[in-house]
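Colleague: Hi! Could you walk me through this one?
Modeller: Happy to, here it is.

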Amino acid sequence: MARIEIDGQSYDVPDGSNLLSACLALGLDLPYFCWHPALGSAGACRQCAVIQYKDAEDRRGKLVMACMTPVADGVRVSLNAEYAQKFRSDNIELLMTNHPHDCPVCEEGGECHLQDMTVMTGHTSRRYRGLKRTHNNQDLGPFINHEMNRCIACYRCVRFYDEYAGGKDLQVLGMHNNVYFGRFEDGALENEFSGNLVEVCPTGVFTDKTFSAHYVRKWDLQSAPSVCVHCGLGCNTAPGERYGELRRIINRYNSEINGYFLCDRGRFGYGFVNSHERIRKPQLKDYPDISADAAESYFRKLLKGSNPAIGIGSPRASLEANFALRMLVGEENFFLGLDDTEHTLLNAIAEMMLDGGIHSPSLREVEQADAVLILGEDVTHSAPRLALSLRQAARQASFELAGSLHVLPWQDAAVRNLEQQALTPVYIASICATRLDDIATNTYRGSPEDIARLGFAIAHHLDQSAPAPAALGDAEQALAASIADGLKQAKRPLIVSGTGCASLAVIQAAYNVAKALPSVNKQLTFTVPECNSLGLAIIGGLPLAQAFERIGNGLADSMIILENDLYRRAPGRNVDLFLQLANHIVAIDSLENKTTAHAELVLPASTFAESEGTLVNNEGRAQRYFPVYPVEEPVRGSWQWLTCVMGSAVDVSSEKPSPEGEGWVRGNQNKEESLFRSPHPSLIMPDSPVRHPAGECKSAPGGFVPEGEGADTPQSTPSNSIDNSQWQHHDALTAACASAFPDLAGITQAAPGADYTVKGSKIPRQPHRYSGRTAMHANINVSEPSQPHDDETPFAFTMEGNTEQVPPALLPVIWAPGWNSNQAINKFQQEIGGSLRGEDTGVRLIEAAGTLPWFCDIPPEFIPVPGRWRIMPLPHIFGSEELSLHSPALLERLPPFCVLLNPLDAEKLGIDSGDLVEISSLAGVAILNVPVQIENTFPSGLLGITAGLPVFQAMKSWAEVSLKKVNREGRL
Ligand code: SF4
Ligand code: SF4
Ligand code: FES
């Protein structure tokens, strides 16, 4: 620590920090623009001026920029010196000469750093009367608005976009007083992190275009802490809602995961919540309009079948929902709902994480790696925010060189100069070119087998006891030796792999490399495809293929499908048959899909924005998300639908009803007249907009049971004969899940429970300036309606209450007096850019323990079969994830409809880029007229397709295909 003096007061501040960040950490208000905690100091805006004195005798001092001034023992400065204050006020007046002062119509208004800093400096009167410089704005695509006239030339945007995120298409153009921040021509910003410009720009130049479409002021947004559901990293988000519509997603700071930045899928993929494809009411075949109570009764009756129902879980549903389903149907009837390959891969990853003895890093730790091997992943597409962290890891060597030269890490320009002399070794072995290739020391392209063989060879070079692949080529041997050498010299080497190339051998090779590394600080991280993939794997369950067998063999006749479109998991014809053979299908989901279309009973589920739950990210960190706003009945949380029917305590051994006899067989074959004849009272839709507390289930009254109580060991509970009314509240369900699975024991610590209060009050979701609470319902009632109650979380749907001193996991909005923009986060951090006070959100469930033997199953070299191509699904940030595919903005950024082909393969077929091919499975099923894109480094014998796109669902199971060129009219 260094002792410094600020305006006559002594303070201890971290040595080596800059004066601006030290002042902010002390809670002092000093205005700034160009400095950003993640980007360092540029000294461009001149806004953070202070007076620095040589010693106690110096009365005059000199003007310095606080962001460029290192703190050290004895530094004496004044923020309040008259000259410093006048300089800051004059500076902002100059910056504002060209600013349009259009705050009333600017979407940044109310959360604008420029507004805050202008007020802070006391610049209240506009004197400039001359003409303003004006610019043309650009169409930057579906995510970002551009209003260049608001620019104050702080350079943050290009520093983030080009230097931090590796973008190439946003530049500073022009000169002098006429600089322009934009693209060389109109067009969508190409970088996958472009949305962060909205938060990085301190003014309203870059704003969220998806928010514009249904804009409200920040203070009118209701919010709650949330977790991104669009990949397995678990970035923290702050969704905002008004009038029952999700309006936007912004970053929620978590120093261990996303820090200050999200990817564009996470920020702009929220549109599915408002989608017209949302399931808003229960649907029973031939009875389109039934109430929640009627649906619940029907669901309960259906569970009385002579065979036990099977349950199919989901990696995009919470731990609690999956656990509730597993309890409802019994462990022996619970299936994970993953395709066979993914099931195998996730089990392997879970085993390596739990028992492999190698540390799984947070994204903050990833950024500090000093050598990286990426094996088989195009990280930007499979786990986008991880790619941004890896890009920072590539700079570690320059930070270390800077340290040896006494250059401080926040001196951005100086450190970036050193990057020319020192870059962290990053090795990338992948199927095709990746978006991180520009930071790679070496790249290698090959089939999954070839990538795995390279990995096994690296492990063998590191540790001779590791198995070596047979007959590896000289070039691969040399590459493996050089990579092994680079990794061996690192203090914090990191191995990255995952499910992206769908190969168990690649994952096993990655583990062998990590195991073989000599460093005690070695790290191994895996990408997983969905927000709770790892949590589901830890819960465990049977493969989906066995569910198909169970139904096919007549051993089960009913199934409950939880938030899972099986057509994304298995070949369509298999799923068709499976669904046809089941007598009763209950689907619980939030969006219509092909599976819900086949269900006899569809129960409308709330999304992440309307419900609570716990997710486990790829690091093994459990995090809780909370409902941002209440949904109207009959929509309920999946866990609520499942726990409601648990309370019915049906014992199948004593009561074996015949479905037909009960009159509730599927469809219109045998209708249950007494229950569903209109206008039966149970069909009347409730008009109250309250959240449905599970405790109000008709058949299962039950009070809240404190955590830990009543949490039976679930495995011992027979299916369909349980009385789980003690789990009518989410906290109790979480506690039961925690006690059932030792590896999930920590999940109750992910966030405080529903009984948490601040000074006796729940935490308000609405900011204290929230407006129009009466007027917004004036078309119904002019008196203010009472707000819905929330018994499941520590939050209230109100603006009354206290947000001071709430733990980070429960911070609904970031705001501090005088700090209305996201920069207010400074006031919540222990040190600027570090952890939040009270520690960041989430609890790590897994710490390195145990060890696994070497994996020895090394695949042979991949040799293409003439005339055959192996289908290779490739993840894409916009297109491969199920939920964001329902978001209009993302649909505009889908990858082109085409397949990737090696140039030699194309030549043999006489094909050029853009030509059409017919793709045929070995069974003779064909997809016609698919455009080809020739990719120079794509391996011969593979055919690349974008994973997850509906058009390619049919090809999911086609291991090999043949290709024929067709002419432009689609003829062979
Ligand atoms: S566009 Fe925004 S971030 Fe970029 S220089 Fe202008 S004010 Fe700064
Ligand atoms: S990286 Fe993944 S978790 Fe993070 S914002 Fe993007 S999609 Fe969401
Ligand atoms: S913040 Fe210090 S010069 Fe811009």
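Colleague: What classes of residue make up the shell around ligand 1?
Modeller: By class there are 11 nonpolar, 1 polar and 1 charged residues. Here Ala, Val, Leu, Ile, Met, Phe, Trp, Tyr, Cys and Pro count as nonpolar, Asp, Glu, Lys and Arg as charged, and the others, Gly among them, as polar.
Colleague: And which residues are the closest to ligand 1?
Modeller: Cys 151, Cys 154, Tyr 155, Cys 157 and Cys 201, out of 13 that surround the ligand (a heavy atom within 4 Å).
Colleague: Anything I should know about the model and numbering?
Modeller: This is a predicted model, where local features need pLDDT of at least 70 and side-chain atom pairs pLDDT 80 or more, while totals for chains, interfaces and linings use all residues. Residues are numbered from 1 along each chain as written, chains are lettered from A and ligands numbered from 1 in written order, and side-chain values use heavy atoms, without hydrogens and water.
Colleague: New topic: how many salt bridges are there?
Modeller: The whole structure has 47, each a side-chain nitrogen of Lys or Arg within 4 Å of a carboxyl oxygen of Asp or Glu.
Colleague: Which residue does Glu 111 pair with?
Modeller: Arg 248, at 2.8 Å, N to O. Glu 111 sits in the loop between α2 and α3 and Arg 248 in strand β13 (residues 245-251), so the pair links parts 137 residues apart in sequence. Helices (H or I, at least four residues) and strands (E, at least two) are DSSP runs, numbered from the N terminus.
Colleague: Are Glu 111 and Arg 248 buried or exposed?
Modeller: Both are buried (under 20% relative accessible area; exposed is over 50%, partly exposed in between; 1.4 Å probe, protein chains only).
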